Amino acid sequence: MGWPENIETMHLRKLITILPLLFASCLDVSNPADTQLAKELKAIDDYVAGATFIKVTSGNNSGIRIGVTSFGSGAPPHEGQTVTAIYTGRLLSDWSIFETDTINDKLEKIPVRGLRFGIESLPEGTTATIFLASIYGFGPRGSSKVPGNTTIAYEVTLEKVVKTDEELTQFKEDTTAIHSYLDDEAITAIGHPSGIWYSSDSNSTGLSPNVYELVSFHYKGTLLSSGEIFQEGDISKQIIFSLIDGLKIGLPLIKTGTTATFYIPSGLGYGPTGSSSIPANSNLIFEIKLNSVE
């Protein structure tokens, strides 16, 4: 259906999630590098099993695990955007600190690639622990503070994500257009700090999903400018994090059984590239009935 290529949260619960979008592969234990990765994954999973996280998802050979302590309600960062994140780096073996610092730079300039991938997978405002096998940390050579082939963990709070100048300009135009639409149609909607607006029925007593859970829902997508329906249908067992940013933000705001309408600025939709059925810089309306959370 042209979903992106590739909050009230559920009690702000802690969980560990193995991100399916990050380097899933089959391990070849005859390969020394894969043997090292398998060893480190076991160490990470053993640590997680004895930690306070209450939900563990496994079955992926990625060298990255993320444990969320509290969920933010913003969009995750993208290339070109500037992030502000406070972090503490620890050695998994004894949980000793090797570094504490603040990142205030463009996402793509974060030097440790596993930390970069991890931060890219967090909604703005989230506090999490990012566990990295050494292949995504400092590798076999290590660093002045981290021995070679050492599994590490970063305790991170993603405090702020700043749009590019071009994104900010477009966001102002989008916001004006959405406000005008809501006024012209006499629609009462709730504004969210991210820039989306939404309205929903209030009859459901279900639970709200978090951004890493699987959901099933019925949807209708409409172009705000023309009212043209670009797609309608049902989605089954889809991870929220794989959807456009506006729905990453929006779906955790509602409960199962709820019908809601989201008004999404283009920068949280398909952006300046658009898609096959959606022009560039299009503001979107999504009507959604959230049927279930897996």
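# Reading a helix, a loop residue and aromatic pairs

User: Where does Gln-81 lie?

Analyst: In this predicted model, Gln-81 sits in the loop that joins β2 (64-70) to β3 (82-91).

User: Is Gln-81 buried or exposed?

Analyst: The relative accessible area of Gln-81 is 7%, so the residue is buried. A polar atom of the Gln-81 side chain lies 2.9 Å from the backbone nitrogen of His-78. Beyond four places in sequence, the residues in contact with Gln-81 include Pro-76, Asp-105, Leu-107, Val-161, Thr-164 and Glu-167.

User: How far from Gln-81 is Asp-165, and to which element does Asp-165 belong?

Analyst: Asp-165 belongs to helix α3. The C-alpha atoms of Asp-165 and Gln-81 are separated by 9.3 Å, although the two residues are 84 residues apart along the chain. Asp-165 has a relative accessibility of 60% and therefore counts as exposed.

User: How may one check the length of helix α3 against its number of residues?

Analyst: One compares the span expected at 1.5 Å a residue with the distance between the end C-alpha atoms. Helix α3 covers residues 165-184, which is 20 residues, and should span 28 Å; its end C-alpha atoms are 29 Å apart, which agrees. After α3 comes Ala-186, whose phi is positive, near 55 degrees.

User: Which residues of α3 are buried, and why do they lie on the same side?

Analyst: The general idea concerns the helical repeat. An α-helix has 3.6 residues a turn, so residues three or four places apart point the same way. In α3 the buried residues are Gln-170, Asp-174, Ile-178 and Leu-182. They cover an arc of only 105 degrees around the axis, which puts them on the same side of α3. The cover over these buried residues includes β8 (197-200) and β11 (259-264).

User: Which exposed residues does the face turned away from the buried side carry?

Analyst: That face of α3 carries Asp-165, Lys-172, Thr-176, Asp-183 and Asp-184.

User: How should a pair of aromatic rings be read, and how many pairs does the structure hold?

Analyst: A pair of aromatic rings is described by the distance of the centres and the angle of the planes. The structure holds 13 aromatic pairs. One of them is formed by Tyr-181 and Tyr-263, with 6.2 Å from centre to centre and 45 degrees between the planes, a tilted arrangement. This pair links distant parts of the chain, since Tyr-181 is in helix α3 and Tyr-263 is in strand β11, 82 residues apart. Tyr-181 is partly exposed at a relative accessible area of 23%, whereas Tyr-263 is buried at 5%.

User: What is the arrangement of Phe-217 and Tyr-219?

Analyst: Their ring centres are 6.3 Å apart and their planes stand at 70 degrees, so the pair is edge-to-face. Phe-217 counts as buried at 1% relative accessibility, and Tyr-219 is buried with a relative accessible area of 3%. Elsewhere, Tyr-87, Phe-98, Phe-138 and Tyr-154 form one aromatic cluster.

User: What is the mean pLDDT of the chain, and where is the pLDDT below 50?

Analyst: The mean pLDDT of the protein chain is 87, and 85% of its residues reach 70 or more. Over residues 18-29 the pLDDT is below 50, and this stretch has 34 contacts in the model beyond near neighbours in sequence. Residues 54-59 also stay under 50, with twelve contacts beyond four places in sequence.

Notes. Residues are numbered from 1 along each chain as its sequence is written. This is a predicted model: local features need pLDDT of at least 70, side-chain atom pairs count only at pLDDT 80 or more; totals for chains, interfaces and linings use all residues. Side-chain values use heavy atoms; hydrogens and water are left out. Helices (H or I, at least four residues) and strands (E, at least two) are DSSP runs, numbered from the N terminus. Buried means under 20% relative accessible area, exposed over 50%, partly exposed in between (1.4 Å probe, protein chains only). A polar contact is a pair of N or O atoms within 3.5 Å; within protein, one must be able to donate a hydrogen and the other to accept it, and residues adjacent in sequence count only if both atoms are side-chain atoms. Contact means heavy atoms within 4.5 Å. The expected span of a helix is 1.5 Å times one less than its number of residues. The arc is that of the directions from the helix axis to the C-beta atoms. pLDDT is the predictor's confidence in each residue, from 0 to 100. Rings of Phe, Tyr and Trp (its six-membered ring) pair if their centres lie within 6.5 Å; planes under 30 degrees apart count as stacked, over 60 as edge-to-face and the rest as tilted.
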